[in-house]
Amino acid sequence: MLYAVFMSSSLPPFPLPEGPVETKPVLLEIGGGADEPGLRADAARNRARLLDAAARLVAEHGAAGVTMEAVAAAAKVGKGTVFRRFGDRTGLLTALLDHSEKKFQASFLSGPPPLGPGAPPGQRLRAFGCAALRRAADDLELQLAAEACPDRRFLVPARRVRHGHVVMLLRQVVPDADVELLAQTLMGYLEPALIHHLTRQCRMPMERVQSGWSDLVERLTAGPSAR
């Protein structure tokens with residue numbers, strides 16, 4: 001999802017995307033689905049079987065137990081079939097998260113307020129972070145295992161959708177800010193590695209983490225230009 005870029009006149013110009021810019025957010029899938037255009041019925045069945053096998057391995061051994069070899073053995077297919085379908089282990093784990101991610105995207109793009117349209121942008125931003133934190137906590141081990149390598153992390157379609165949504169809301173609340181960079185700062189609060197550190201290593205209750213997000217948004221959007 002591409003969003004038009006707003007920058008303060010005092011800042012250096014930010015390169016605009018080439019081609020037309022969409023103004024309405026659209027749902028992006030983070031992994032291929034059974035309804036991919038042109039996907040044959042037998043390929044769709046094989047994909048579903050592989051994901052079922054991977055889900056069983058997660059349930060039995062945790063995300064660490066999911067390897068391409070283990071999934072191939074559990075699904076009784078060749079290892080090459082798994083690599084051709086998902087590319088690598090990160091692609092496989094990402095596909096496992098696809099269904100819940102699409103539901104989450106639908107909730108903040110078109111669901112009921114305050115997470116969806118209809119509430120003030122600042123309120124939507126607070127609701128978005130709290131919902132993202134809850135979702136991350138539910139699938140934390142899998143999300144950590146599916147983290148892309150540094151040169152791909154910020155290009156993952158699901159993250160681009162979330163970042164674009166935060167940019168859109170910030171532009172409405174603090175139009176004079178460098179919303180592109182401010183959105184990246186806010187997104188850092190929602191990274192699975194930080195959530196793991198706070199909730200598992202520091203044993204911080206999720207309620208405190210969510211309150212911290214709401215407080216951060218309130219402070220960032222309380223300037224004279226906020227609405």
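Start by selecting alanine 177: at 22% relative accessibility, it counts as partly exposed (buried means under 20% relative accessible area, exposed over 50%, and partly exposed in between, with a 1.4 Å probe and protein chains only). You'll find alanine 177 in the loop between H8 and helix H9 (179–189). Helices (H or I, at least four residues) and strands (E, at least two) are DSSP runs, numbered from the N terminus. Now add leucine 220, which is 43 residues away along the chain, and check the C-alpha atoms: they are separated by 9.9 Å.

A word on what you're looking at. This is a predicted model, where local features need pLDDT of at least 70, side-chain atom pairs count only at pLDDT 80 or more, and totals for chains, interfaces and linings use all residues. Residues are numbered from 1 along each chain as its sequence is written, and side-chain values use heavy atoms, with hydrogens and water left out.

**Zoom out**

Colour by secondary structure and you get eleven helices and zero strands. Of the 227 residues, 41% count as buried. Among contacts (heavy atoms within 4.5 Å) with a separation of 6 or more, 65% are between residues 24 or more positions apart.

**Select 41–61**

This is helix H1, whose 21 residues reach 30 Å from first C-alpha to last, close to the 30 Å expected at 1.5 Å a residue (the expected span is 1.5 Å times one less than the number of residues). Which residues of H1 are buried? Show Ala43, Ala44, Arg47, Leu50, Leu51, Ala53, Ala54 and Leu57. Their cover includes helix H2 (68–75), helix H3 (79–86) and H4. Just after H1 comes glycine 62, with a positive phi near 80°.

Keep H1 on screen and add H2. Their axes are 9 Å apart and the packing angle is about 115° (axes are lines fitted to C-alpha atoms, for helices over the stretch in contact, and angles run from 0 to 180 degrees between N-to-C directions). That makes H1 roughly perpendicular to H2; angles under 35 degrees count as roughly parallel, over 145 as roughly antiparallel, 65 to 115 as roughly perpendicular and the rest as oblique. On the H1 side, pick Arg49, Leu50, Ala53, Ala54, Arg56 and Leu57; they meet Ala70, Val71, Ala74 and Ala75 in H2.

**Two loop stops**

Go to lysine 76, in the loop between H2 and H3. Its phi is positive, about 60°, although lysine 76 is not a glycine. Buried or exposed? Lysine 76 is exposed, with a relative accessible area of 74%.

Then jump to arginine 203, between helix H10 (192–201) and helix H11 (206–220). Arginine 203 also has a positive phi, near 55°, and is exposed at 71% relative accessible area.

**Select 89–110 and 157–173**

These are H4 and H8, whose axes come within 11 Å and cross at roughly 15°. The two helices are therefore roughly parallel. Show Glu101, Phe104, Gln105, Phe108 and Leu109 in H4, which meet Ala158, Val161, Arg162 and His165 in H8.

**Last stops**

Follow the chain out of H4 to the loop before H5, where proline 114 lies. A cis peptide bond joins proline 113 and proline 114, with omega about 10°. Finish on helix H5 (residues 121–138): its 18 residues should span 26 Å at 1.5 Å a residue, and its end C-alpha atoms are indeed 26 Å apart. Of those 18 residues, 13 are buried, so H5 is largely enclosed by the rest of the structure.
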